[in-house]
Amino acid sequence: MRTNSKTEDEAILSLADEAIEKIENGVQAKTLYRIFDCEVGEDTVEVNGFVFESKRLAENLSGCKRVVAFGATLGAECDRMINLSVLSNLSMGMALQAAAAQKIEEVCDSLEEEIKTQHGVSLRQRFSPGYFDLDITEQKKFFELLELTKRIGITLTDTCEMLPGKSVTAFIGIES
């Protein structure tokens, strides 16, 4: 686990190893994806009747006729583990936060590989609500599109923050 470490401090390395192990053993990732036809305009992308306004998303999906929409989460237990740790051991809480951030990226990367393998497609870079000019409020449409609350338990606050906190939503263009 220490192959990319930039420190030799055994206490820090031990803390990081413990946090990684707790996240690996203590969370249950959930994912959901669907493939939709899409219509890409100059500064809009239409997916299943929902129009997402973003020039950068439209540029990212330019030439794509289909798009993957996905959600992924490490679940409420991950948030609980981090929050309890922060109260009793701030260093461990911070280490868990970092380990969970790495874990959700691994989950997303793994899901992308699964999609490529199962569907024999080439994918573009992930693009999430809140990224560049795809306003975070577009998350509401995304949640409706995939029914994320019902299907994998991610909820959206009034300010469009996802709960559990270690959750990701994104579009991924499918190369034609």
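**Notes on the predicted model**

1. Charges to start with: the protein carries 19 positive and 30 negative side chains, yet the centres of these two sets sit 3 Å apart. Bear in mind that this is a predicted model.

2. On the overall layout, I count 6 helices and 7 strands in the protein. Reading from the N terminus, the order is α-β-β-β-α-β-α-α-α-α-β-β-β. So you can follow it along the chain, three strands come after the opening helix, and three strands close the run.

3. As for dimensions, a box of roughly 55 × 35 × 25 Å along the principal axes holds the C-alpha atoms of the protein. If you take the contacts between residues at least 6 apart in sequence, 69% of them link residues at least 24 apart.

4. Inside versus outside: of the 176 residues in the protein, 41% are buried. The exposed surface comes to about 9,800 Å², with carbon and sulfur atoms supplying 47% of that area.

5. One spot on the surface deserves a look in your viewer. V86, L90 and M94 together make a nonpolar patch of about 290 Å². Of these residues, V86 belongs to helix 3, which covers residues 76–88.

6. Is V86 buried or exposed, then? Neither label fits: V86 has a relative accessible area of 36%, so it counts as partly exposed. That value also clears the cut-off for patch membership, because patches take residues with over 30% relative accessible area.

How values were computed: Residues are numbered from 1 along each chain as its sequence is written. This is a predicted model: local features need pLDDT of at least 70, side-chain atom pairs count only at pLDDT 80 or more; totals for chains, interfaces and linings use all residues. Side-chain values use heavy atoms; hydrogens and water are left out. Patches are made of residues with over 30% relative accessible area and no salt bridge: like charges are joined within 9 Å, nonpolar side chains (Val, Leu, Ile, Met, Phe, Trp, Tyr) within 5 Å. Accessible areas come from the Shrake-Rupley method with a 1.4 Å probe; for residues, only the protein chains shown count as cover. A salt bridge is a side-chain nitrogen of Lys or Arg within 4 Å of a carboxyl oxygen of Asp or Glu. Helices (H or I, at least four residues) and strands (E, at least two) are DSSP runs, numbered from the N terminus. Buried means under 20% relative accessible area, exposed over 50%, partly exposed in between (1.4 Å probe, protein chains only). Contact means heavy atoms within 4.5 Å. Lys and Arg count as positive and Asp and Glu as negative; His and the chain ends are not counted. The place of a charge is taken as NZ of Lys, CZ of Arg, CG of Asp or CD of Glu.
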